[in-house]
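Here is a colleague's note, set out as numbered points to be read alongside the sequence and the coordinates.

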Amino acid sequence: MRTDVSPDVVDDDIRWHRAPRSLFGQLARDGKLFGPQRAAPVSTGRAARERAEWALAGVAAGLLMGAGIPWCRRRAATRRENAGSPREPRQELVDL
């Protein structure tokens with residue numbers, strides 16, 4: 001369990017305590033262990049189509065990023081390799 005000594009003050013003085021097992025059993029019986037339980041909404045044709053469109057858009061975005069990012073990185077690396085010598089003056093170490 002998490003308790004805050006002074007909830008009206010914004011600070012990080014939060015303390016954790018071990019809860020007894022009987023409390024978990026009681027919450028499980030009441031159906032409050034994992035939050036309020038709601039029945040799944042009935043799917044209409046429009047809602048199902050909208051979910052399918054979002055799923056298709058997500059798959060397309062994933063494929064685009066999965067293929068596009070490595071392609072862009074390879075292209076940038078090739079551009080750096082083919083650029084030749086840098087245009088600024090270079091310093092050279094001379095062994096005396």
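1. A residue is called exposed when its relative accessible area is over 50%, buried when that value is under 20%, and partly exposed in between. Please keep in mind throughout that the model discussed here is a predicted one.

2. On the overall architecture, the protein contains two strands and two helices, and, read from the N terminus, these elements follow the order β-β-α-α.

3. On burial, the protein has 96 residues, of which 1% count as buried. The area that the protein exposes comes to about 9,800 Å², and 58% of this area is supplied by carbon and sulfur atoms.

4. Which residues form the positive surface patch? Four arginines do so, namely Arg73, Arg75, Arg79 and Arg80. Of these, Arg80 has its place in helix α2, the element that spans residues 45–81. Arg80 counts as exposed because its relative accessibility is 62%, where the cut-off asks for a value over 50%.

5. A nonpolar surface patch should be noted as well, made by Phe24, Leu33 and Phe34 and covering about 340 Å². Phe24 is located in helix α1, which comprises residues 21–30. Is Phe24 buried, exposed or partly exposed? With a relative accessibility of 42%, Phe24 counts as partly exposed, since partly exposed residues are those between the limits of 20% and 50%.

6. Taking the two patches together, the note therefore places one member of the positive patch, Arg80, in the exposed class at 62%, and one member of the nonpolar patch, Phe24, in the partly exposed class at 42%.

Key: Residues are numbered from 1 along each chain as its sequence is written. This is a predicted model: local features need pLDDT of at least 70, side-chain atom pairs count only at pLDDT 80 or more; totals for chains, interfaces and linings use all residues. Side-chain values use heavy atoms; hydrogens and water are left out. Helices (H or I, at least four residues) and strands (E, at least two) are DSSP runs, numbered from the N terminus. Buried means under 20% relative accessible area, exposed over 50%, partly exposed in between (1.4 Å probe, protein chains only). Accessible areas come from the Shrake-Rupley method with a 1.4 Å probe; for residues, only the protein chains shown count as cover. Patches are made of residues with over 30% relative accessible area and no salt bridge: like charges are joined within 9 Å, nonpolar side chains (Val, Leu, Ile, Met, Phe, Trp, Tyr) within 5 Å. A salt bridge is a side-chain nitrogen of Lys or Arg within 4 Å of a carboxyl oxygen of Asp or Glu. Lys and Arg count as positive and Asp and Glu as negative; His and the chain ends are not counted. The place of a charge is taken as NZ of Lys, CZ of Arg, CG of Asp or CD of Glu.
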